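The following paragraphs offer a guided reading of one protein chain. The reader is invited to keep the sequence and the coordinates in view throughout.

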Amino acid sequence: MRAFLSMWRMDPRIRPYVIRSGFYGIYCLGHIIIDWPLITCLVERWRPETHTFHVPLGEMTITLQDVAIILGLRIDGPAVTRTCMVDVAELCGELLGVTPPTDALRGLTISIRWLCQQLSTPGVDADEVAFEQSARGFILALMGSFLFPDKKGVHVHLCFLPLLRDLTQTSTYSWGGAVLAHTYRELCRASLDRRCGISGCITLIQLWSWERLHVGRPDFGRSVPFAAPPFPHALHDDDVDGVVAKGMVDGLPVQHGVQPEAEAE
């Protein structure tokens, strides 16, 4: 997430489109330093048979309600389904306005860095179509960096792009359910004996642990509980200038235990 935020600072002109899609709350979370020893402990207690963490007090798990409160994503509506039967050149040309070269592709995934280079700064005379194309690229990169990252977090699958065709329709999908299912799958994979890393929405796991468990929870020096970012559908363009979940864990030391999938390799 930090690499994505450092590469791509959201252009204010595309912000209304990101809000319309329902993903502005994810962007407002910003970068949160991952406590890898904490993630390691949780993975060791994950049981694929029940999709729960086995702790001394019993079994616990991340629920759809947790996803909705922590990430502000919709948990009802049509399921997020995808297809791999896409024409990459035609799809990108229609929805992004650019056709990726072969070195920006890896199978049906596209480089997040290339998306940033091509779409992060719409031209001065850009029209609404160009703004929507830039917003789609931004949301796609956000998915690949935060919600559905691959092992290295540098590519994102193009199967999500058709779901961004109509950004108003995009906001009606159950993205929270898709993120939770993906997180369950990655926890199951990471719990295998021969695996030494984990991908997926690690921030969700960590924030859930901070909310539900007292072990490993940082002390921010205040008694106010962690508040989820405002739901994107409740935001208006005039209200979001000051809404930045920034510096939530600034000052916490970077700890190294089990490394993310990219470093484990």
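In what order do the three strands of the open sheet lie, and is their pairing parallel or antiparallel? In this predicted model, the order is E1-E2-E3, and the pairing is antiparallel. E1 and E3 are the edge strands, each of which pairs on one side only. In general terms, strands of a sheet pair through backbone hydrogen bonds, in either a parallel or an antiparallel sense.

The sheet may be followed strand by strand. E1, residues 46-47, is joined to E2 by two bridges. Tryptophan 46 has phenylalanine 53 of E2 as its bridge partner. Between E2 and E3 there are three bridges, again in the antiparallel sense. Phenylalanine 53 also takes part here, for methionine 60 in E3 is its bridge partner. Phenylalanine 53 is thus a residue of E2 with a partner in E1 and a partner in E3.

Both connections within this sheet are hairpins. Four residues separate E1 from E2, whereas two residues lie between E2 and E3. In the loop between E1 and E2 one finds histidine 51, whose phi is positive, at about 55 degrees, although the residue is not a glycine. Most residues other than glycine have a negative phi. Is histidine 51 buried or partly exposed? The relative accessible area of histidine 51 is 30%, so the residue counts as partly exposed.

From the sheet, attention may turn to a helix that packs against part of it. Helix H11 spans residues 202-212, and nine of its 11 residues are buried, so the helix is largely enclosed by the rest of the structure. The buried residues are Ile202, Thr203, Leu204, Ile205, Gln206, Leu207, Trp208, Ser209 and Trp210. Which elements surround them? The packing partners include the strands E2 (52-55) and E3 (58-60). Helices also contribute: H4 (36-44), H5, H8 (128-147) and H10 (175-190) pack against the buried residues of H11.

Helix H8 also figures in the largest nonpolar core, which has 77 residues. To this core H8 gives the most, with 10 residues. Within the core, the residues with the most contacts are Leu71, Leu115, Met143 and Leu147. One of these, leucine 147, can be examined in detail. Residues up to four places away in sequence being left aside, leucine 147 touches Phe23, Ile26, Leu71, Leu73, Leu142, Val179, His182 and Cys201.

The last of those neighbours raises the matter of the cysteines. Cysteine 201 is buried, with a relative accessible area of 1%. Cysteine 28 is likewise buried, at 4%. How many disulfides does the model contain? The count is zero, with a disulfide taken as a pair of cysteine sulfur atoms within 2.5 Å.

Helix H10 also contains arginine 189. At a relative accessibility of 36%, arginine 189 is partly exposed. Its C-alpha atom lies 9.3 Å from that of serine 199, and the two residues are 10 residues apart in sequence.

The whole chain may now be considered. The chain has 265 residues, of which 49% count as buried, and comprises 12 helices and six strands. Among contacts with a separation of 6 or more, 76% are accounted for by residues 24 or more positions apart. The exposed area of the chain is about 13400 Å², and carbon and sulfur atoms supply 53% of it.

A final consideration is the confidence of the prediction. The mean pLDDT of the chain is 82, and 82% of the residues reach 70 or more. Which elements mark the lowest and the highest mean values? Helix H12 (residues 261-264) has the lowest mean pLDDT, 46, and helix H5 (residues 64-71) has the highest, 96. The pLDDT is below 50 over residues 224-259, and this stretch has 62 contacts in the model beyond near neighbours in sequence.

How values were computed:
Residues numbered from 1 in each chain as written. Predicted model: local features only at pLDDT ≥ 70, side-chain atom pairs only at ≥ 80, totals over all residues. Heavy atoms only, no water. pLDDT = per-residue confidence, 0-100. Contact = heavy atoms within 4.5 Å. Buried < 20%, exposed > 50% of the residue type's maximum accessible area, 1.4 Å probe, protein only. Pairing = 2+ DSSP bridges. Areas by Shrake-Rupley, 256 points an atom, 1.4 Å probe, with all protein chains shown as cover. Core = buried A, V, L, I, M, F, W, Y, C linked by side-chain atoms within 4.5 Å.
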